[in-house]
Every structure is written in C-alpha cells, then in structure tokens.
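Me: Can you walk me through the structure below? I keep wondering where the labels people use for it come from.

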Amino acid sequence: MTMCEAMAKRHTTRAPSSLAPFGLRSRRNATSPGNVTRLLHLIVGFFLVAGHTASATPCQFDTQGEGRVAAIVDPRSVRLDDGREIRLTGIEATSTTKQALTSLLTGRDVALRSADDTPDRYGRQGAILFIGESDTSVQAALLAQGDALVSGEIADKDCAAALMGAEAEARRQKKGNWADPSAIKNAESSDDILSGIGRFMVVEGKVLSVRQAGAVTYLNFGRNWTRGFAVTISKRTLPAFESAGITLKSLENRRVRVRGWVEGTAGPRIDVRLLGQVELLGANEPIGVRP
C-alpha cells in the first residue's frame, strides 16, 4: 500500500466531522486511484480554506470589553454609554473622519480589542473597534473609504499589513482623501510640506543622503540640508529597523514613503519613532496617488 493510499484509508475510516460535507464518509473504493487523487485535493483544499479563514481576520487582539457608542468625541475618540472614552488606535484623522465615524458608530454596539487596556494620560482606552460580530475593524473600514490615514503605530505585522492594505486600496480607487492629488506630498517640494506644520502628512521621495549628528540620523531628501525636507530618526529607534533587517545607510538613493507629524522652521521635518512610518517603494515609481 502506498503512502497516499494509507492516508486515504486513514482519513476515510476516521474522517473528522469538519470534512464530512466534502463527501469523505464512503469507505467503498476509497483507495482507487481516482478517489485517492480526489481525496488529496479535498484535504489540501480544506487546509487552504482553514488557513485563509485564520488569516482573514487580522487585528483580533484580546477582547478588552464591549459597549454602545453614545457620542463621537473627536475624529479619533468615542464615548461609550458607560462613560469610557475610547481612542481608535492605528489611524490618524482626515477632514472627513469625524463625519464618517458618526455615520458608522453612533448608537452601535462595539467590541474593543487590543493587547493592553491601560488608559493613556488623558484617560482614554486605546483599541481596535469592531461593530457587532463583524470581522472588519472600524479602522479598516475608515481606511478603505479614504476617511483616515494609517498612523504606523500598530506593531503587530498582520494587523499593520491589513490596515496598510485597506489604505492602499482607497488610494488605488482615489476614494475620500485620496481623490485630492496633493494628498501625497512630494519630498522635493519642501515649501509645500512646510505649509503643513503641525499636521500629519504622507510624503514620498528619494533619500539623497543619510547623515548622523550625535544620536540622530537624518534622511535628507533635498540637497540643501538646512531647507530641504528631512526625516529624523533617533538612536533609540534604530533597533526596530535593525530587527527588520534594514540599515539606515541602505536607504540612501532609495525611494520611500514616510508618514508623520510635520515640524520644523527653516526646513520641514518628520520625526520617525516607529518602523511602520516608513515604506520602501520601487525605484521607478512616480510620485502621486497610487498603492
């Protein structure tokens, strides 16, 4: 008896109930070549479906409670009927976020998921929100509509990838915020970026040089280091890049997309504190709204 035939016989005689709908109950002719092939295809298909189901619901952290949304406090915070204030983690707001949250959440029952329920210094509990039994988070829904931006603060790789994917799809379809051609700033247009001081922005461009000054590394996007756009990365952030196999010097002459709060006086700066704030782009990708 071949290994395949042995597997077929074993699964036919003791088929788990989850495989029963695939027609594996019959013992007659179970080891015929046709049935063996068919059985193996079904087994493989079952595990592929199971694997897909497991990976299709990212951001499923520990449940940190439930509640009904009583009010929208601001574009990233809601108040539940028990008085708790919840901050939506993983996103930054756009001009349409609060209105979208109002439509999505007012009066709805939500589940809170996160790795930690410790309130921030303002007493807000950070969480990924899910409406009812939905497997799609509120954050992902906002991003898919173009009504929010990925903040880069989610450390879990699967969850971060899901949020980035939702944002990328909205960019492809030019939904919401991405309908504006200036939604992504060109790193060469430092004056345009500087006009957004105090705002969360997405900037793309080519890193012309990487320089270190004390405990800070500068990714310079302009030839004039004083006035051009630059990204600053402190020494304490380096381990995150190193763990991902990225040396900052290797970013020289690479095209990147960076997101964060714009600051600076003479030249605009974004301080990168999280690995998720930086994305590597293809060398020939043009500046503009795209995935």
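Reply: Sure, and keep in mind that this is a predicted model. Let's begin with Leu-105, which touches Val-69, Ile-72, Val-78, Val-110, Leu-129, Ile-131 and Val-138, leaving out residues up to four places away in sequence.

Me: What makes those touches count as contacts?

Reply: Heavy atoms have to lie within 4.5 Å, so that's the test behind the label. Leu-105 is also among the residues with the most contacts inside the largest nonpolar core, which has 31 residues. Strand β6 (residues 125-131) gives the most to this core, with five residues. Apart from it lies another core, of 20 residues, including Ile-193 and Val-231.

Me: Why is the pair of Phe-200 and Trp-261 called edge-to-face?

Reply: Their ring centres are 5.7 Å apart and the planes meet at 75 degrees. Pairing needs centres within 6.5 Å, and edge-to-face needs planes over 60 degrees apart, so the pair is edge-to-face. Phe-200 sits in strand β9 and Trp-261 in strand β13, so the pair ties together parts 61 residues apart in sequence.

Me: How do you know whether Phe-200 is buried or exposed?

Reply: Its relative accessibility is 11%, and buried means under 20%, so Phe-200 counts as buried.

Me: And what makes Trp-261 partly exposed?

Reply: Trp-261 has a relative accessible area of 45%. Buried is under 20% and exposed is over 50%, with partly exposed in between, so that's the label Trp-261 gets.

Me: Why is the pair of Phe-221 and Phe-229 called tilted?

Reply: The planes are 45 degrees apart, with 5.1 Å centre to centre. Under 30 degrees would be stacked and over 60 edge-to-face, so the rest are tilted.

Definitions and conventions. Residues are numbered from 1 along each chain as its sequence is written. This is a predicted model: local features need pLDDT of at least 70, side-chain atom pairs count only at pLDDT 80 or more; totals for chains, interfaces and linings use all residues. Side-chain values use heavy atoms; hydrogens and water are left out. A nonpolar core is a set of buried Ala, Val, Leu, Ile, Met, Phe, Trp, Tyr and Cys residues joined through side-chain atoms within 4.5 Å. Buried means under 20% relative accessible area, exposed over 50%, partly exposed in between (1.4 Å probe, protein chains only). Helices (H or I, at least four residues) and strands (E, at least two) are DSSP runs, numbered from the N terminus. Rings of Phe, Tyr and Trp (its six-membered ring) pair if their centres lie within 6.5 Å; planes under 30 degrees apart count as stacked, over 60 as edge-to-face and the rest as tilted.
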